[in-house]
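Here are some notes for a colleague who is opening this entry for the first time. Please read them with the structure in view.

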Amino acid sequence: TSKKSVEHCALFPKGKQLEINVISIVRKDFLKRRLNTMELLSEKLHQVFIDKNEIEEFSYYSPIHIKMDDHVKALRDIDTKGMTRILQIESKIYHLLSMHLEMHDKYNENDIKPSSLLTEELKAIKLLAQQIDEDPSRQYSLNQLSQDSGLSQAKLQEGFRFLYLRTVNEYIRQVRLEAARELMNKSDLNISQIVYSLGLTSRSYFSKIFKEKYGITPNQYKKQNVYIFEDSED
């Protein structure tokens with residue numbers, strides 16, 4: 001929250017597809033709700049919520065709670081219509097808001113523990129992620145990664161979801177998809193060559209997950225880039 005005259009600037013990593021979620025509260029309307037209990041908030045948040053004229057500035061930053069990701073996914077997966085859809089969306093948003101409020105209070109109390117993992121364990125997981133980034137073609141398995149890192153499979157999953165908002169397999173798949181798209185942009189390899197160079201064994205499976213991610217088949221994507229390249233040459 002900030003004064004109306006303040007501009008916001010966000011920096012995003014280059015070459016990465018992001019999905020941004022924003023919960024916006026119109027305080028003038030929110031304060032009219034029958035069930036709002038502003039007085040139960042911490043003193044700082046209470047001042048933020050009742051500032052309906054947007055006079056004060058306020059911000060805080062913290063890691064994402066692992067469980068937040070599940071609620072965001074559930075919010076996106078809602079496929080009902082009408083009043084049912086409105087109520088389901090509203091309930092999910094309130095749940096997410098409550099988790100943010102809880103995180104804020106723990107943050108202020110220096111009691112923020114978004115993950116049960118130790119710092120050294122998180123470093124080990126970051127190192128594994130770096131290895132996957134650098135060599136996506138290797139045949140990875142959860143069991144082998146567990147042995148390599150000395151961490152249990154449960155801790156690996158927790159760490160990847162905390163740091164990257166994905167399971168281990170989801171992270172590996174994402175890295176391979178990004179590597180495949182890069183090869184389509186910068187190499188003359190055909191789709192089959194790209195698939196096998198990245199450690200995948202099924203072209204049909206690759207086509208399926210590629211389309212789920214980018215909304216277009218690998219062949220369509222590659223042809224599209226060829227046309228763009230030819231146009232730029234002309």
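1. Phenylalanine 210 and tyrosine 214 are both buried, and in this predicted model their rings have centres 4.8 Å apart and planes at 55 degrees. An angle between 30 and 60 degrees is counted as tilted, so the pair is described as tilted. The two residues stand four places apart in helix α10, which covers residues 203-214, and they are therefore separated by about one helical turn. As background, an α-helix has 3.6 residues a turn, so residues three or four places apart point the same way.

2. Phenylalanine 210 also pairs with tyrosine 221, and here the ring centres are 5.7 Å apart while the planes meet at 70 degrees, so this pair is edge-to-face. Phenylalanine 210 belongs to helix α10 and tyrosine 221 to helix α11 (residues 218-233), so that the pair, whose members are 11 residues apart, links distant parts of the chain. Tyrosine 221 is buried, as is phenylalanine 210.

3. Which residues do the ring pairs link into a cluster? They are Phe206, Phe210, Tyr214 and Tyr221. In the structure as a whole, the search finds four aromatic pairs.

4. Helix α10 itself deserves a look along its axis. The buried residues Phe206, Ile209, Phe210 and Tyr214 lie in this helix, and, seen down the axis, the buried residues of α10 fall within an arc of 115 degrees, so they line one face of the helix. On the face turned away from that buried side, α10 carries the exposed residues Ser204 and Glu212. With 12 residues at 1.5 Å a residue, α10 should span 16 Å, and its end C-alpha atoms are 16 Å apart, which agrees. Just after this helix, glycine 215 takes a positive phi of about 75 degrees.

5. Turning to the interior, the largest nonpolar core has 16 residues, and those with the most contacts inside it are Ile132, Leu145, Leu156 and Phe160. Helices α5 (119-134), α7 (153-164) and α8 each supply at least two residues of this core, and α5 gives the most, with five residues. When its neighbours within four places in sequence are left aside, isoleucine 132 is in contact with Tyr140, Phe160, Tyr171, Ile172 and Val175. A second core, separate from this one, has 15 residues, among them Leu177, Ala179, Val195 and Tyr214.

6. Helix α7 can be checked for its length as well: it has 12 residues and reaches 16 Å from its first C-alpha to its last, close to the 16 Å expected at 1.5 Å a residue. Its buried residues include Leu156, Gly159, Phe160, Arg161 and Phe162. Just after α7, leucine 165 takes a positive phi of about 60 degrees.

7. A last point concerns glutamate 182, which lies in helix α8 (residues 168-186). Is this residue buried, exposed or partly exposed? Glutamate 182 has a relative accessibility of 38%, and it therefore counts as partly exposed. Although glutamate 182 and glycine 15 are 167 residues apart in sequence, their C-alpha atoms are 9.8 Å apart in space.

Terms used
Residues numbered from 1 in each chain as written. Predicted model: local features only at pLDDT ≥ 70, side-chain atom pairs only at ≥ 80, totals over all residues. Heavy atoms only, no water. Buried < 20%, exposed > 50% of the residue type's maximum accessible area, 1.4 Å probe, protein only. Phe/Tyr/Trp six-rings, centres within 6.5 Å; stacked < 30°, edge-to-face > 60°. Core = buried A, V, L, I, M, F, W, Y, C linked by side-chain atoms within 4.5 Å. Contact = heavy atoms within 4.5 Å. Expected span 1.5 Å × (residues − 1). Arc of directions from axis to C-beta.
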